[in-house]
Each structure stands twice: as C-alpha cells, then as structure tokens.
Amino acid sequence: SMSLVLFDDPQIQGLKLELKLLEINLNNKSDEFAELERVLNEFNNEYYMRLGSLIQAILKLRIGQSEQDPQAQQEYEEFTHEFEQQKNDPIQELSPDQQQELKIAYRNASKLCHPDKLPDEFKSQGTEIFKELARAYRNQNLSRVNEILQQLQSGKPFKNASEIINNKEELLAKIASLRLRLTQLESEINALIQHYEEGEQNHTT
C-alpha cells in the first residue's frame with residue numbers, strides 16, 4: 001500500500017527526524033524566552049510595588065511646577081498606566097520549591113501545546129492554550145499552570161507535525177517555518193535581555 005512505501009522512504013524518514021529535532025530545539029528556546037519574561041515581570045513588579053507610588057508622586061509634582069510642560073504630563077500618564085497594569089496583573093509569591101514545581105509543570109505543558117509544532121488544523125487551538133499558559137507562568141500562577149497541564153494530559157493530546165506529516169513538500173515547508181521561528185525567537189530573547197539590562201541601569205541610577 002501507499003503508506004508503507006512512504007514509511008520505507010529514507011528521505012521522508014530523514015526529514016521527519018530533522019523536523020523532530022527542530023521541534024525539540026524550538027521548545028527549549030521558547031522555554032528560555034518564557035523564563036526571561038517571568039524574571040523581567042518579577043523585577044518590574046518589585047520595582048513598581050516598592051517605588052511606584054513614590055515615582056508617581058514625583059512625576060505629579062513635576063506637572064505642578066511647570067504648567068506648560070506637556071512632556072511632564074505625558075510621563076505621568078504613561079507611568080500611571082504601567083503602574084495600574086502591574087497592579088491589575090499581580091504576581092504570586094512562591095517558595096523556591098514551588099518555583100521549581102512551576103518550571104517543571106510549565107515545561108511539560110508547553111511541550112504539549114506549542115503552536116509552532118502543531119499541524120495547521122490544531123494551530124489556533126494550541127495558540128489559545130499556549131497564550132493562557134504563558135500568562136500564568138509570567139505571573140507565577142502555579143495552580144493555573146498545573147490546571148492547564150492536567151487538561152492537556154487528560155484530554156486528547158495534540159500530535160506534533162513531525163508525527164503526522166508524511167509528505168515531502170509539507171515536511172520541507174514545516175522545517176523552513178520552524179527554522180524561521182527559531183531565528184525570530186533568538187532575536188526576541190536578545191531584545192528581552194537588552195531591555196532587562198537597561199531596566200537594571202535605569203532603576204539603579
């Protein structure tokens with residue numbers, strides 16, 4: 001039969017393996033990005049909680065001193081907006097043991113629903129779950145991350161593209177798209193690191 005011929009084709013097998021390795025690599029990079037986002041959020045949270053009210057008061061004073069300065073008004077409004085956002089999206093305090101549990105649960109869940117690894121028909125469904133997972137991880141919401149992991153494990157699990165696709169053109173297209181996504185992730189990670197370092201400098205000066 002046709003399917004047996006496909007599975008005996010060493011070129012197809014080679015491409016499936018290459019795609020599988022790219023999927024693993026993508027998961028690792030993606031987890032690295034999520035961890036950086038979590039650390040940055042924790043850092044910002046600490047900064048706003050400790051100094052937010054004080055900085056807001058200083059910026060407000062600046063408006064009072066210079067009635068005609070539109071920049072002072074703008075700085076105050078921008079800071080207030082960011083401060084409110086951080087307050088409305090609180091981070092949960094975790095013990096070191098719980099943080100470790102959070103990381104492991106997140107990794108296991110992200111492996112099961114990473115949208116870039118999924119075949120096209122499951123991509124939008126995976127994206128929704130992945131976004132929710134990323135937000136819960138960023139806010140160190142351990143119970144929500146565990147809940148998502150349990151849903152993914154107990155439901156009908158998604159299959160990765162490398163397990164499903166047996167067509168050479170489709171495999172090549174998926175490999176190309178994952179390579180591109182890895183390059184994008186790399187630059188997003190570098191941008192986050194830069195942002196974090198600049199934040200550190202700004203907050204210490």
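1. By about how many helical turns are glutamate 42 and arginine 38 separated in helix H2? In this predicted model, the two residues lie 4 apart in helix H2, which means that about one helical turn separates them. Their side chains meet in a salt bridge, with an N to O distance of 3.5 Å.

2. The two partners of this pair are classed separately by accessibility: arginine 38 is buried, with a relative accessibility of 4%, while glutamate 42, at a relative accessible area of 30%, is partly exposed. The pair also belongs to a wider arrangement, since a network of salt bridges links Glu35, Arg38, Glu42 and Lys103.

3. Helix H2 itself, which spans residues 10-65, deserves a look along its course, for it bends by about 60° at leucine 51. At the start of H2, the backbone nitrogen of glutamine 11 has a side-chain oxygen of aspartate 9 within 2.9 Å.

4. The structure contains 15 salt bridges, and two further examples may be worth inspecting. One of them joins the side chains of aspartate 116 and lysine 123 at 3.9 Å, N to O; here aspartate 116 counts as buried at 16% relative accessibility, because the cut-off for buried is under 20% relative accessible area, whereas lysine 123, at 29%, counts as partly exposed.

5. The other example is the salt bridge between arginine 181 and glutamate 188, whose closest N and O atoms are 3.6 Å apart. Glutamate 188 has a relative accessibility of 30% and so counts as partly exposed.

Methods
Residues numbered from 1 in each chain as written. Predicted model: local features only at pLDDT ≥ 70, side-chain atom pairs only at ≥ 80, totals over all residues. Heavy atoms only, no water. Bend = angle between axes of the 7 residues up to and from the residue. Polar contact = N/O pair within 3.5 Å; in protein donor to acceptor, adjacent residues only side chain to side chain. Salt bridge = Lys/Arg side-chain N within 4 Å of Asp/Glu carboxyl O. Buried < 20%, exposed > 50% of the residue type's maximum accessible area, 1.4 Å probe, protein only.
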